[in-house]
Amino acid sequence: MKRTVARPAREATAAPEPAGAAVAAAPEPETAGAGGHATAVPGPEPLRTEFAFELPRGYVDAQGEIHREGMMRLATARDELLPLRDARVTENPAYLSVVLLGRVITRLGTLRSVHDGIVEGMFASDLAFLQDFYRQINAEGHTRATVACPHCSEPFEVELGGSRLGES
């Protein structure tokens, strides 16, 4: 009879999560431990493709409502290539980020849809925030934060968005 030994769970001190660190939790698989009791075995973390954010100022719609909380998904190659064919981008390359953000922002407040026209109407500080956030989750592939050890107070960096290739 083969006996399965459960690996001990890793202890971690949780830091408060910023608005941009959405967490997708998956149930851990169970295996039969000693005596036939089920024990959880940590499995691979799921690939996160959407990330929450909160705009510094917020988008003001036609009715005067402010929309701050939203979601951005990881960009695909298609998302980055198609805007290059857009006449507005051809005429003004700076427009690329507006079109691109309009494609990857999946939710903003209570708006029914988000598109480049919405992004055009954002405050410059919110646009800069979203451009930086896009780079963090796509180009750089990480969202890091500096934290302090609760025991010795020594600072160190943690990966909030995943650390394996393909996880942001």
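The buried residues of helix H5 pack against quite a list of neighbours: strands S3 (50-60), S4 (66-73) and S5 (105-108), along with helices H1 (77-81), H3 (96-104) and H4 (116-120). Keep in mind as you look around that this is a predicted model. H5 is a good place to start the tour, so let's stay with the helix for a moment.

H5 runs over residues 124-137, which makes 14 residues. From its first C-alpha to its last it reaches 20 Å, close to the 20 Å expected at 1.5 Å a residue. Which residues of H5 are buried? They are Asp126, Leu127, Leu130, Phe133, Tyr134 and Ile137. These six names cover an arc of only 125° around the axis, which puts them on the same side of H5. The spacing of the numbers fits a simple rule: an α-helix has 3.6 residues a turn, so residues three or four places apart point the same way.

Now step back to the whole chain. There are 5 helices and 7 strands, and read along the sequence they come in the pattern β-β-β-β-α-α-α-β-α-α-β-β. Of the 168 residues, 30% count as buried. The chain exposes about 11,300 Å², and carbon and sulfur atoms supply 54% of that area. How much of the contact map comes from residues 24 or more positions apart? Counting contacts with a separation of 6 or more, such pairs account for 53%.

Next, the charged side chains. The count comes to 4 salt bridges. One of them pairs Arg73 with Asp79, with the closest N and O atoms 2.6 Å apart. Are the two partners buried or exposed? Asp79 is buried, with a relative accessible area of 2%, whereas Arg73 is partly exposed at 23%. Because buried means under 20% relative accessible area, Arg73 at 23% falls outside that class.

Another salt bridge joins Arg88 to Asp86, again with the closest N and O atoms at 2.6 Å. Asp86 is buried at 18% relative accessible area, while Arg88 counts as partly exposed at 34%. Arg88 also meets the side chain of Asp116 in a salt bridge, at 2.7 Å from N to O. That second pair links distant parts of the chain: Asp116 sits in helix H4 and Arg88 in helix H2 (residues 87-91), 28 residues apart. Elsewhere, salt bridges that share partners join Arg73, Asp79 and Arg103 into one network.

One more arginine is worth a look. Arg107 is in strand S5, one of the elements that the buried residues of H5 pack against. At 35% relative accessibility, Arg107 counts as partly exposed. Which residues does Arg107 touch, leaving aside those up to four places away in sequence? The answer is Phe53, Glu69, Gly70, Met71 and Val114. Take Met71 from that list: its C-alpha atom and that of Arg107 are separated by 5.1 Å, though the two residues are 36 apart along the chain. Glu69 comes in through its backbone, with its oxygen lying 3.5 Å from a polar atom of the Arg107 side chain.

Conventions: Residues are numbered from 1 along each chain as its sequence is written. This is a predicted model: local features need pLDDT of at least 70, side-chain atom pairs count only at pLDDT 80 or more; totals for chains, interfaces and linings use all residues. Side-chain values use heavy atoms; hydrogens and water are left out. Helices (H or I, at least four residues) and strands (E, at least two) are DSSP runs, numbered from the N terminus. The expected span of a helix is 1.5 Å times one less than its number of residues. Buried means under 20% relative accessible area, exposed over 50%, partly exposed in between (1.4 Å probe, protein chains only). The arc is that of the directions from the helix axis to the C-beta atoms. Contact means heavy atoms within 4.5 Å. A polar contact is a pair of N or O atoms within 3.5 Å; within protein, one must be able to donate a hydrogen and the other to accept it, and residues adjacent in sequence count only if both atoms are side-chain atoms. Accessible areas come from the Shrake-Rupley method with a 1.4 Å probe; for residues, only the protein chains shown count as cover.
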